[in-house]
Amino acid sequence: MADKKKDTATKKASEKDATPKATLPPSGFRVAVREILRSKSALTALIIIILILLLTFGGSLFLNRAQITEMNIVDAYYGWGQGGHLLGTDDGGRDILKLLIMGGRNSIMIGISVTVITEIVGLVVGLVSGYYGGVVDVIIMRIVDFIQILPQMPIIIVLTTVIPNYNAVTLVFLIAMFGWTTTARYYRSFILSQRDRDYVLASKTSGSSNFQIMFREVLPNITSMIIIDVVLTIAGNIGIETSLSFLGYGLPTTTPSLGTLIGFADDPVNVINRPWLWLPATILLLVISLSINYVGRALQRAGDARQREN
């Protein structure tokens, strides 16, 4: 009798072990890491971005800004490796390598700063517009449409010439003043697809407030989209700052930037005879843009995979 009970217990335990266990889908971070490691181009791009950040932000800690921008006509137009200058000097005798480090840091910082502002504003606006819909959505989207049809670059150029005490902070807010609209429309499209889901309706039934549903329920479900947009937007904002500085309406002339270095290419003599003035900054900008693009594509694949697994 005891042996029979023992066999029955053993059989039940075996059946319990054989029952398939429910597994949670991997986190968004794990999916992103998996996609990046799976793609050699994305992994290489990520390593390049890390090295560039270490070069620009780490290297700038050992540089004196006053000395970098100090002019020394005697050392003007040194070529590659001449006079102890690895990348040569500009028309004021300033070391191109030091300007490249500081300029890269400034351009990246502006790109990140603008992205933070546009993402926060665009996310909140898109969340409210997509969640409430109706009249609220119509009013917000008409405001967004109006801002988007405005000529962004000419307006920024005009404002940079009339605003007193113009500096890098001013430039950040000028670019962000237009950039949030695209972000808002981007997030609104995702919120519209989420607001009628079962989990939102269940939260409404349980008595949760709209604020709680938007930021506690809906927002976590678009986290992967936020990461993708942040990464790609940084590259776009760096490009906008570089374009404005190239035209002479970006950072002040006393502040190094990739755009001001590339601006040396507006002189045909420099293009042909002095490539060290503009070529390093051009290559750095190209490498940054391509690397961010490859990482962004990997994150986009990770976001798609995460949605499928959910």
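A pocket is an open set of grid points with protein on both sides within 12 Å along at least five of seven lines, and its lining residues have an atom within 4 Å of a point. In this predicted model, the second largest pocket is lined by 23 residues. The chain that forms it has 14 helices and zero strands.

**Overall architecture**

- From the N terminus on, every element in the run of the chain is α.
- The chain comprises 310 residues, of which 40% count as buried.
- Among the contacts with a separation of 6 or more, 71% are made by residues 24 or more positions apart.

**Second largest pocket**

- The volume of the second largest pocket is about 400 Å³.
- R94, T253, T260, L261 and F264 are the lining residues that lie nearest the centre of this pocket.
- The elements that give two or more residues to its lining are α11 and α12.
- With three residues, α11 gives the most to that lining.

**Nonpolar cores**

- In soluble globular proteins, nonpolar side chains tend to be buried together.
- The largest nonpolar core holds 36 residues, and those that touch the most other members are I96, L100, L258, L261, I288, I292 and L299.
- Two or more residues of this core come from each of α2 (28–38), α3, α5 (96–132), α11 (223–247), α12 (258–262) and α14 (279–309).
- The contribution of α14, at nine residues, is the most that any element gives to this core.
- Leaving aside residues up to four places away in sequence, I288 touches I52, I108, I238 and L258.
- A second core, separate from the largest, has 19 residues, including V125, I140, A176 and A184.
- L261 links two topics of this briefing: it is listed among the residues of the largest core that touch the most other members, and it is also one of the residues nearest the centre of the second largest pocket.

**Helix α3**

- Helix α3 covers residues 40–60; at 1.5 Å a residue its 21 residues should span 30 Å, and the end C-alpha atoms are indeed 30 Å apart, so the two values agree.
- The buried residues of α3 are A42, A45, I49, I52, T56, G59 and S60.
- Viewed down the helix axis, these buried residues fall within an arc of 155°, and therefore they line one face of α3.
- K40, L51 and L54, on the other side of α3, are exposed.
- I52 is buried in α3, and I288 touches I52.

Notes
Residues numbered from 1 in each chain as written. Predicted model: local features only at pLDDT ≥ 70, side-chain atom pairs only at ≥ 80, totals over all residues. Heavy atoms only, no water. Helix = DSSP H or I, 4+ residues; strand = E, 2+ residues; numbered from the N terminus. Expected span 1.5 Å × (residues − 1). Buried < 20%, exposed > 50% of the residue type's maximum accessible area, 1.4 Å probe, protein only. Arc of directions from axis to C-beta. Core = buried A, V, L, I, M, F, W, Y, C linked by side-chain atoms within 4.5 Å. Contact = heavy atoms within 4.5 Å. 1 Å grid on protein atoms, 1.4 Å probe; cavity = no way out; pocket = protein on both sides within 12 Å on 5 of 7 lines; lining within 4 Å. Points joined across faces, edges and corners; volume = space filled by probe spheres on them.
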